[in-house]
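Subject: Structure handover

Hi,

Here is the structure I said I'd pass on. Have a look at it first, then read my notes underneath.

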Amino acid sequence: MRLHKKKKFDYIDVIANTVMILFSLCILYPMLHVLAVSFSEKGPILRNEITIFPVGFTLESYTYFMDHPQFFSGFVNGVWYTVEGVFANLFFTALLAYPMSKNKLIGRSILMKIFVFTMYFGGGLIPIYMQLCSMGLYGSEWSWILAELISTYNLIILINGYQAIPESLYEAAYLDGASDFQVFFKIALPLCKASLASIGLFYFIGHWNSWYSAMLYLDDENKYPLQLFMRSVLIENKETNMNPNFDQNLTPIGVKNSLIVISMIPVMIVYPFVQKYFVKGVMMGSVKG
């Protein structure tokens, strides 16, 4: 007769799951509320009747921005700056992380200490601003892309990702006559695609949500990204309270919430494609080094 072991009731799991559910609800409710307000009519919004479901479904808050020239140019600029910024970040981070992953590199420990030092102490806004202006980059999107070219945190993740690759693969490639560049592009990079996808997501979110650097270094409104236009709407109320052509059937809060939802769309599109690499890439880049 087979005896079945009774599974022990684990209070720790119950507490942990309860906390995670409550934490998830705390995150999910504001998102659903913003989405509901963006689709609701003026009356229910003014009467504060919206919870997580829209009341009186309408798309007027979204169509208001569709004809706005600065919104369209901001969206296009934001996508373009994010794409070119992420590619520049990944390219230079991958190039720097590869030699830094080699223990035989002369001065590696000193360089790592210098890189880690920059995580806690920065050069300051004014010196960076003066340096970029002296290089003739003021007014160009490359000014703030170059200022944030390599993140030390992402660099460390990728260094550890390279180090997780068995050294025997490198040695076999060198024995077959491969050069350093061939080893880098045909072995190191393909085997680190999980880490690259993870730090690429970090860079993507950082660029897409960036507005402060654009405000400092760009002097042409036609070059502003969406987040800077979004700031003017959410904080300065330029398109609601001070716009004489603002539709009286709309409410400022409804328009603002619709803009927030629109700004989340690129992240919601990109994340599912890199989600399967995200945990693997971060874990692989965190267990060694």
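How many disulfides does a search of the whole structure find? Zero. Keep in mind that this is a predicted model, so everything here is computed from predicted coordinates. Two of the cysteines sit in quite opposite settings: cysteine 26 is exposed, at 57% relative accessible area, while cysteine 192 is buried, at 0%.

On the overall fold, the protein chain has 14 helices and zero strands. Reading along the sequence, you get α-α-α-α-α-α-α-α-α-α-α-α-α-α. The chain has 289 residues, and 38% of them are buried. If you take the contacts with a separation of 6 or more, 73% are between residues 24 or more positions apart. As for the surface, the accessible area of the protein chain is about 17,800 Å², and carbon and sulfur atoms account for 68% of that.

The aromatics gave me the most to write about. There are 16 aromatic pairs in the structure. One of them joins tyrosine 129 and tyrosine 138 in an edge-to-face arrangement, with 5.9 Å from centre to centre and 75 degrees between the planes. The edge-to-face label applies because planes over 60 degrees apart are classed that way. Are these two tyrosines buried, exposed or partly exposed? Tyrosine 129 has 31% relative accessibility and tyrosine 138 has 36%. Both count as partly exposed, because that class lies between the 20% limit for buried and the 50% limit for exposed.

Elsewhere, Tyr98, Tyr162, Tyr170, Phe184 and Phe185 make up one aromatic cluster. A member of that cluster, tyrosine 170, also has a lysine over its face: lysine 102, at 3.6 Å from the ring centre.

One last residue to look up is serine 213. Where is serine 213 found? It belongs to helix α12, which covers residues 212-217. Serine 213 has a relative accessible area of 10% and is therefore buried, since the limit for that class is under 20%. Leaving aside residues up to four places away in sequence, serine 213 touches Trp144 and Glu148.

That's what I have for now. Shout if you'd like to go through any of it together.

Cheers

Terms used
Residues numbered from 1 in each chain as written. Predicted model: local features only at pLDDT ≥ 70, side-chain atom pairs only at ≥ 80, totals over all residues. Heavy atoms only, no water. Helix = DSSP H or I, 4+ residues; strand = E, 2+ residues; numbered from the N terminus. Buried < 20%, exposed > 50% of the residue type's maximum accessible area, 1.4 Å probe, protein only. Contact = heavy atoms within 4.5 Å. Areas by Shrake-Rupley, 256 points an atom, 1.4 Å probe, with all protein chains shown as cover. Phe/Tyr/Trp six-rings, centres within 6.5 Å; stacked < 30°, edge-to-face > 60°. Lys NZ or Arg CZ within 6 Å of the ring centre and 35° of its normal. Disulfide = S-S within 2.5 Å.
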